[in-house]
Amino acid sequence: MKPLNTFSGIAKWVLRIAILMVVFTKYYDTFMLFNLNSLAFYVSAIFIVFGVLLFIGGFLSKPNLTVISALFLLLAFVYMSVISFDGITEQFAINVLGGAVALLFLADGNK
């Protein structure tokens with residue numbers, strides 16, 4: 001069976017929206033505490049800022065913003081995967097999945 005290439009663009013937009021939903025549901029509260037002495041605040045800020053920039057990058061013709069945002073998101077997801085690892089848990093799986101989506105955008109840009 002041949003892949004349905006016509007849904008490729010829609011699938012990437014769904015992934016962009018999914019990243020936004022994950023980032024805001026998991027990191028918005030920590031970000032809004034605005035505790036500058038906490039590493040969690042800075043990690044949350046990276047997730048929120050670059051998650052929004054990844055979404056905005058989809059509207060641009062050049063992939064630069066998408067690729068840079070995906071790189072920072074990938075690094076943040078890898079960091080969170082490492083510090084949250086306690087076996088294969090829901091938290092770890094979400095971080096790995098988010099990292100995989102970020103890696104897809106890092107590799108493909110806005111194609």
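How many salt bridges does the structure hold? Just one. Let's go and find it, then wander through the helices around it. Keep in mind as you click along that this is a predicted model.

**Stop 1: the salt bridge**

Select Asp108 and Lys12 and show their side chains. These two form a salt bridge, and the closest N and O atoms are 3.3 Å apart. Why is this pair handy for finding your way around the fold? Asp108 lies in helix α4 (residues 90-108) and Lys12 in helix α1, so the pair ties together parts that are 96 residues apart in sequence. The general idea is simple: side chains of opposite charge can pair when their charged atoms come close.

Now switch on the surface. Are the partners buried or exposed? Lys12 counts as buried, at 9% relative accessibility. Asp108 is partly exposed, with a relative accessible area of 28%.

**Stop 2: a charged residue without a partner**

Next, pick Arg16, which sits in helix α1 (residues 8-32). Arg16 is buried, yet it has no salt bridge. Which side chain of opposite charge is nearest to Arg16, and how far away is it? The nearest is Asp108, 9.5 Å away. To count as a salt bridge, the side-chain nitrogen would have to be within 4 Å of a carboxyl oxygen, so Arg16 misses out with Asp108 at 9.5 Å.

What does Arg16 touch instead? Leaving aside residues up to four places away in sequence, you can light up Leu54, Phe55, Gly57, Gly58, Thr66, Phe105, Gly109 and Asn110.

**Stop 3: α1 against α2**

Color α1 and helix α2 (residues 39-57) separately. When two helices pack, we describe them by the angle between their axes and the distance between the axes. Here the angle is about 155 degrees, and the axes are 9 Å apart. That is why α1 and α2 count as roughly antiparallel to each other. Turn the view and you'll find that α1 passes α2 in a left-handed crossing. On the α1 side, the residues making the contact include Trp13, Arg16, Ile17, Leu20 and Phe24, while the α2 side includes Phe41, Ala45, Ile48, Leu54 and Phe55.

Zoom in on Ala45, which is found in helix α2. Ala45 counts as buried, at 15% relative accessibility. Now try the distance tool from Ala45 to Ala11: the two are 34 residues apart in sequence and 26 Å apart in space, C-alpha to C-alpha.

**Stop 4: the loop between them**

Follow the chain from α1 towards α2 and stop at Phe34, which is in the loop between these helices. What is curious about the backbone of Phe34? Phe34 has a positive phi of about 50 degrees, although it is not a glycine. Phe34 is also exposed, with a relative accessible area of 52%.

**Stop 5: back along α1**

Jump back into helix α1 and select Thr25. Thr25 is exposed, with a relative accessible area of 63%. Where does that put it relative to Ser8? Thr25 and Ser8 are 17 residues apart in sequence and 26 Å apart in space, C-alpha to C-alpha.

**Stop 6: α1 against α4**

Now show α1 and α4 together. Their axes come within 11 Å and cross at roughly 140 degrees. The pair is therefore oblique. Once more, α1 passes α4 in a left-handed crossing. Among the α1 residues that meet α4 are Lys12, Leu15, Arg16 and Ile19, and their opposite numbers in α4 include Gly98, Val101, Phe105 and Asp108. You'll recognize Lys12 and Asp108 as the salt-bridge pair.

**Stop 7: Gly98 and the α3–α4 pair**

Finish at Gly98, in helix α4. Buried or exposed? Gly98 is buried, with a relative accessible area of 7%. Not counting residues up to four places away in sequence, Gly98 touches Ile19 and Phe77. Val78 is 20 residues from Gly98 in sequence and 9.1 Å away in space, C-alpha to C-alpha.

Bring helix α3 (residues 64-84) into view: α3 and α4 pack at an angle of about 160 degrees, with their axes 8 Å apart. That makes α3 roughly antiparallel to α4. The contact includes Thr66, Ala70, Leu74 and Phe77 of α3, along with Asn95, Gly98, Ala102 and Phe105 of α4. The crossing of α3 and α4 is left-handed.

Technical notes
Residues numbered from 1 in each chain as written. Predicted model: local features only at pLDDT ≥ 70, side-chain atom pairs only at ≥ 80, totals over all residues. Heavy atoms only, no water. Helix = DSSP H or I, 4+ residues; strand = E, 2+ residues; numbered from the N terminus. Buried < 20%, exposed > 50% of the residue type's maximum accessible area, 1.4 Å probe, protein only. Lys, Arg positive; Asp, Glu negative; His and termini not counted. Contact = heavy atoms within 4.5 Å. Axes fitted to C-alpha atoms, helices over the stretch in contact; angles between N-to-C directions. Parallel < 35°, antiparallel > 145°, perpendicular 65-115°, else oblique. Left-handed = near helix turned anticlockwise from the far one by under 90°.
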